[in-house]
Structures are given as C-alpha cells and as structure tokens.
Amino acid sequence: MVTAVTQSPHLRIVVVGGGGREHAIADTLVREGHSVTVTPGNPGIAQICGTSSLDATQLEADLFVIGPEAPLVDGLADRLRQQGKSVFGPGRDGAMLEGSKDFMKEIAASAKVPTANYRTFDNLELAISYLRGTDGPYVIKTDGLAAGKGVLVTSDLDEAILDVTQKLSGTSFGDAGRKVIIEECLVGNEISLMVVCDGKSALALPCACDHKRLSDGDLGPNTGGMGAYSPVAWFDEGMTQRAMDEIVHPTLAKLTSMGIDYRGLLYAGLIITQEGPKLIEFNVRFGDPEAQVILPQLEGQLGLLLLSAAKGDLDSAIVPNKKNGVVVVMAAPGYPESPKVNGEIIGLGEAAKLDGVRIFHSGTKLTDQGAIVVGGGRVIGVCGFDEDLRGAISKAYRAVDRISFDGAQFRRDIAAREE
C-alpha cells in the first residue's frame, strides 16, 4: 500500500544556491511552513524568505539542502557533515558522478548500466583521428562541469573537430574541457528521472521532460534548459521501474561497494531507445528547470522527505498532487554564448498574480534603485499549473506575455510535443 509522507514538523532549513532550482526548493518548503534561509539567494527568493551572505558552514539549521553542483563537487556536504549537520546532498566522492563524465562512464560500465559507447581523450591528435574514423552524428562532452552547456551534437565533421580543439585547448570551458568524451549518438525520447537517495534505498520522483535547445522545434545551440513539463504521460510506472532496476539501483550498489554513502538527489538523464532506457548522464542535484515543475507537486511532503534521506532512513512513499506543470524559461539576449545583462524586467508582479502561476528567479539582480534586472543567462522560469497539460501551457504563456525585458529569448513550443 502506498502511503503519503506526513506533513513535516516545523524545521529550520538552509538552502545553498541562488538560482531557479533553489527558488523552487525554498518556495515549496516555505509553503509547508518551514523556516528557510537561502545562501546567497536572489531577489526573488528574498521576497519569500531570509537570505544570507554567510557560508553554509557558518549557519545553524535542522537540515541543509545543497542546490548547485559546484559546491557539491567542492565537498561542501562533507564539511557540513563533519560539523554534525544533517545534509541533503552527496559528498565529494559521490558528486564526481557529475564532476567527471569519464568517472560517470566508468561507474556505468562497471555496474553494467546501459549507456552510449564512448571514448575519452585528452590528446587532440588522437581525438581528431578518432572523429575522422567514425561516422556522425558526433556527440562531444566536456569531462568537467560546464553549467549544462558542454555538449555538442553535430553531423558536421569540421564542426566536431573545431569543438574538440576548443575544448581540449581550454578555450571553451577552461580546465573543465581539457578532457573530452566522444560517444555514439543515441536516438529516442529523453526523460529526466530524479531519485531521492538515503545511502541504502532510493525513491523516484515524478519525471519531467526538458527542452535543451534554444529555439522552437529543438533548433539552435544546447542550453542549460529552456523549459520543461511534468508529469510525462508516456513514461509510466512500468518504465520508471525498469529504469530504476536497470540504471539507478545498479549504480547505487556500485557506489556502495566503493564505500560511497550517497545521500541526496540522483538525476538520471535518460533516452528511451528501441532497446529500452539508456543513460545519457548523471547529475547529483535537482535538474533545473525540471525542479520548478516537479517540486510544487510534492508540497506538504518535501521537508520530511529530504530530512529522512539526509538521516539515512528514507522509508516513505510520496503521493504527488494531480497538477500538470509547465515552465518556460526566459533568457537574456545573447544567451547561451554571451548573455547581455542589466536590462530591467517589467511585469513580474502582474504575472505572479495570475491563477496557477509561479515565477522563479534564475538570473536576476536588484539595483540600488530597487529595480529587478537581468543578471545572468537564464533569467526567470515562468510556471503554469493546471489539472490538464493544455491548461498548464496556457497559464504559463499567459504569464510570459505579461513579462518583458530587452531582447528576451524564450520558446513558444514548451510541452507542445505532448498535445
């Protein structure tokens, strides 16, 4: 029998980060009645809870939730646990699943997880020779962290060679790109499966579909994500269980055999091929923008869920609400290559008043005059929630049309593939 996580007791919670993912985490926890502080936060987060410029290790709370990948790879969870804190987020060893794609591929191979065939290179001549000896499309990834923008998929050999050259030289992504993975191009529908882990067991959250390309029709460069929707009707419980059995559980078993106590969120980016689900990548934190439509489905359950995982005693199921969620990301002009910042954002308050709408700040900043302006590449996530998907799409775009800033980029086809 599936039982819901009961309403969390009042908790003091510190959330680390300052993007749309952290805004969604904080918003959901605040609505549950918890006392939330976000470090460093952003102007949108500051409207709903406290923010702090202090390092998380200088703060006190019942639970620490680490949002972004960089502090996880840097070992923040380890430092907090050394202070005796309850932390939702893997230690440095587990975070290497995202910190190094080569490490992730080695774990997948050892655990017999289905994934794309690949080769790893740190030598330019060998990488170019390999490209010339294979047929496209070519999939080229930085080994290290690249904020979701370190992947090129192309059928053009010259473009692939240029990309490898720029990455291995450090021109594209600095030291993060001085090792690259070149892998086969898999064909199928992609899905984001996020799993809460307590070091021993794992619990799947509602899945989501992300739109990575900048422009309508899945055209343009890869980005950190231009929108998402959840739940996904065609990825049913049977497919979820298969992905857990073939991909998630073997990976966690391998980590355990290596002495890695993985407590936190494991994000499995999957592609559903003719042979079944295959792993594209692991991330070690909530996906963004997927978190913006998944976490509101868990309202009333999230605080206790994350605390139980942090304490190593995850023993409850979840019952998401019945709402469909759609998030449209509004990005800065010039994103993803060279976003232009400082343009004033108009209409946020009006949009936020609409029924079934939530606005999450990803890259904003506050001027001395009190105006909210563009502060990064992905600026805001505009979310619509409704009983059916079409209604959620309509609510999201109704809100988008009330928000403006110079050169705003966004897609008009988020979730349209499901209609």
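This briefing describes two sheets, two helix pairs and one buried threonine in the structure above. The model is predicted. One open sheet has 4 strands in the order E11-E10-E16-E17, and another open sheet has 5 strands in the order E12-E15-E18-E22-E19. Helix H6 packs with helix H7, the axes of H4 and H5 cross, and threonine 154 sits in strand E8.

**The sheet of 4 strands**

- The strands of this open sheet, in the order E11-E10-E16-E17, pair in the antiparallel sense.
- Strand E11 (202-204) and strand E17 (276-283) form the edges, and because each has a single partner strand, one side of each is left without a neighbour in the sheet.
- From one strand to the next, the twist averages 35 degrees.
- Strand E16, which spans residues 263-273, is joined to E17 by antiparallel pairing over 7 bridges, and tyrosine 267 stands opposite asparagine 283 in E17.
- Helix H10 (residues 302-310) packs on this sheet, where it touches strand E10 (189-198), E11 and E16, and the direction of H10 makes about 65 degrees with that of E10.

**The sheet of 5 strands**

- Antiparallel pairing also describes this open sheet, whose strand order is E12-E15-E18-E22-E19.
- Strand E12 (209-210) and strand E19 (357-361) stand at the edges with a single partner strand each, so one side of each has no neighbour in the sheet.
- Strand E15 (residues 227-230) and strand E18 (residues 324-331) are paired in the antiparallel sense over 4 bridges, with tyrosine 229 opposite valine 326 in E18.
- Helix H12 (residues 389-400) packs on the sheet and touches E15, E18, E19 and strand E22 (378-386), while the direction of H12 makes about 140 degrees with that of E22.

**Helices H6 and H7**

- Helix H6 (residues 124-132) packs with helix H7 (residues 157-168) at an angle of about 160 degrees, and their axes are 10 Å apart.
- Because of that angle, H6 counts as roughly antiparallel to H7.
- The crossing of these two helices, H6 and H7, is right-handed.
- On the H6 side the contact is made by Leu124, Ala127, Ile128, Leu131 and Arg132, and on the H7 side by Leu157, Ala160, Ile161, Val164, Thr165 and Leu168.

**Helix H4 and its surroundings**

- In helix H4 (residues 92-99), the buried residues are Gly94, Ala95, Leu97, Glu98 and Gly99.
- These buried residues of H4 pack against helix H2 (69-73), helix H5 (101-110), helix H8 (237-257), E16 and E17.
- The axes of H4 and H5 come within 6 Å and cross at roughly 100 degrees, which means that H4 is roughly perpendicular to H5.
- Asp93, Met96, Leu97 and Gly99 of H4 make the contact with Lys101, Phe103, Met104 and Ile107 of H5.

**Threonine 154**

- Threonine 154 belongs to strand E8, which covers residues 151-154.
- Threonine 154 counts as buried because its relative accessibility is 7%, and buried means under 20%.
- A polar atom of the side chain of threonine 154 lies 3.0 Å from the backbone nitrogen of aspartate 156.
- The side chain of threonine 154 also makes a polar contact with the side chain of glutamate 159, at 2.6 Å.
- When neighbours within four places in sequence are left aside, threonine 154 is in contact with Pro137, Tyr138, Glu159 and Ala160; Ala160 is also among the residues of H7 that make the contact with H6.

Technical notes: Residues numbered from 1 in each chain as written. Predicted model: local features only at pLDDT ≥ 70, side-chain atom pairs only at ≥ 80, totals over all residues. Heavy atoms only, no water. Buried < 20%, exposed > 50% of the residue type's maximum accessible area, 1.4 Å probe, protein only. Polar contact = N/O pair within 3.5 Å; in protein donor to acceptor, adjacent residues only side chain to side chain. Contact = heavy atoms within 4.5 Å. Pairing = 2+ DSSP bridges. Axes fitted to C-alpha atoms, helices over the stretch in contact; angles between N-to-C directions. Parallel < 35°, antiparallel > 145°, perpendicular 65-115°, else oblique. Left-handed = near helix turned anticlockwise from the far one by under 90°.
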